[in-house]
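Biologist: I should like to learn how to read a structural model, beginning with a single side chain and ending with the whole chain. May we proceed step by step?

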Amino acid sequence: EWQAAKELREMLYLADQLDPLLEQYTYSDLADDNNFELLFKTLKDSEAVYALHPSERFDYLYETGMEQFVGWREYRFKPRFDEAMVLLERDQMMELYQDAKRLEYEHPSLQEIEKLVGLSEEELLKRQYKKAQATGRMDRAIEKEIELKELYLDSHGAMFNYQSCSVLRQQNEFASVCWLGKEDQAQHMRIWWDKPIAQSLTPIEDPKLNKQSVRVFKAILGFAGDKRFNYPDTLITDIIQDGMESDIIRAEIFAQIMKQLSENPSAKSADRYWVLLMMCLLHFSPGQSLENYVHIFIRNHAPENYKDALKQQCHKAAYRPVQSRAPEAGDIQRLLSDAGFQQAGRMSGTYNR
């Protein structure tokens with residue numbers, strides 16, 4: 001009995017200490033995070049005292065405070081759960097789960113969150129992609145599809161080495177149309193050379209398009225300075241225009257640029273080819289047959305100051321329609337700058353040899 005009386009006195013004393021705190025935080029602005037947290041702490045400290053019902057006033061304050069807390073807790077958590085279960089972002093769901101458990105909030109999505117945060121990165125991205133599509137968030141769906149593509153390339157990038165690209169002709173076939181210098185043509189089919197090509201790198205059956213691919217390569221050589229041309233920047237219009245008019249030529253142009261960037265002995269020449277690659281990506285995509293090869297080529301070979309911009313634009317190009325207008329020489333710097341492509345040097349014909 002003495003012990004029980006002692007505990008009762010302690011509880012009554014604690015009730016006197018908690019009473020003003022309950023009153024203060026129950027009627028405070030609970031939109032304020034600090035007030036909300038202090039009310040929760042005070043209610044937790046008051047649980048044992050409330051069980052003894054020390055006074056009508058204390059019971060009233062506790063019950064009113066609890067009612068306020070529960071209402072505000074619901075108000076705070078509902079939009080967070082609504083957003084989290086649409087976005088399905090791992091960090092957001094984990095933080096929400098921890099807060100809900102700490103604040104003793106029960107929600108039907110908690111069990112689902114436990115399963116979702118345990119998924120692999122790839123599986124969770126697939127769920128995020130499907131949810132974005134189902135909720136009509138197409139920009140987010142594209143974003144998640146790109147992240148899935150990056151994961152795929154991380155795992156399977158070795159399959160898309162340009163030097164073993166199955167989309168291109170075999171070297172002997174490529175050189176077979178040459179009367180002279182077949183060996184040199186075959187040897188340089190997939191690496192830099194400052195000589196014209198005799199036929200397309202990709203197997204183009206249409207004779208007209210095949211001739212066009214040879215002509216495009218001459219323009220590409222001129223743009224990069226590997227072939228003398230008085231105003232190399234002006235060639236950008238013809239190169240891009242040819243690509244815009246034919247998906248076959250588009251693939252050929254990307255194949256030719258990657259060829260000229262492979263084992264290129266000149267830093268200035270290579271820089272111009274990277275510029276040309278970006279300009280092409282700003283106006284059309286490589287197409288499904290070469291897209292992964294271009295991605296891996298950029299990953300493995302692009303200069304660090306170009307790499308991020310090129311990677312992003314390569315992804316964007318896959319979702320954008322072919323542009324309707326080819327650029328002129330005066331557009332180059334502006335387009336590159338807008339795309340975040342920061343050149344160390346300047347665009348100029350001084351790159352010509």
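Biologist: Which backbone oxygen lies 3.2 Å from a polar atom of the side chain of Gln-185?

Modeller: Please bear in mind that this is a predicted model. A polar contact is judged by distance, with a cut-off of 3.5 Å between N or O atoms. Here the partner is the backbone oxygen of Pro-196, 3.2 Å from a polar atom of the Gln-185 side chain.

Biologist: Where does Gln-185 lie, and which residues is Gln-185 in contact with, leaving aside its neighbours within four places in sequence?

Modeller: Gln-185 belongs to helix α9, which covers residues 182-187. With those sequence neighbours left aside, its contacts are Phe-174, Ala-175, Cys-178, Trp-193, Pro-196, Ile-197 and Ala-198. Pro-196 is thus both one of these contacts and the residue whose backbone oxygen faces the polar atom of the Gln-185 side chain at 3.2 Å.

Biologist: Why does Gln-185 count as buried?

Modeller: Buried means a relative accessible area under 20%. Gln-185 counts as buried because its relative accessibility is 9%.

Biologist: How should one read a buried set within a helix, and which residues of helix α11 are buried?

Modeller: One lists the buried residues and then asks what covers them. In α11 (residues 235-245) they are Leu-235, Ile-236, Ile-239, Ile-240, Asp-242, Gly-243 and Met-244. Their cover includes α10 (207-224), α12 (247-261), α13 (267-281) and α16 (332-338).

Biologist: I should also like to consider backbone angles. Which value does phi take at His-53 and at Leu-88?

Modeller: Neither residue is a glycine, yet phi is positive, at about 50° in His-53 and near 60° in Leu-88. His-53 sits in the loop between α2 (33-51) and α3 (56-87), while Leu-88 is in the loop between α3 and α4 (90-102).

Biologist: Are these two residues buried or exposed?

Modeller: His-53 counts as partly exposed because its relative accessibility is 46%. Leu-88, at 4%, counts as buried.

Biologist: Finally, what describes the protein as a whole?

Modeller: Its secondary structure consists of 16 helices and zero strands. The C-alpha trace spans about 115 × 35 × 35 Å along its principal axes. The radius of gyration is 33 Å, whereas a compact globule of 353 residues would have one near 20 Å. Of the 353 residues, 47% are buried. Among contacts with a separation of 6 or more, 69% join residues 24 or more positions apart.

Technical notes
Residues numbered from 1 in each chain as written. Predicted model: local features only at pLDDT ≥ 70, side-chain atom pairs only at ≥ 80, totals over all residues. Heavy atoms only, no water. Helix = DSSP H or I, 4+ residues; strand = E, 2+ residues; numbered from the N terminus. Rg over C-alpha atoms; globule rule 2.2 N^0.38 Å. Buried < 20%, exposed > 50% of the residue type's maximum accessible area, 1.4 Å probe, protein only. Contact = heavy atoms within 4.5 Å. Polar contact = N/O pair within 3.5 Å; in protein donor to acceptor, adjacent residues only side chain to side chain.
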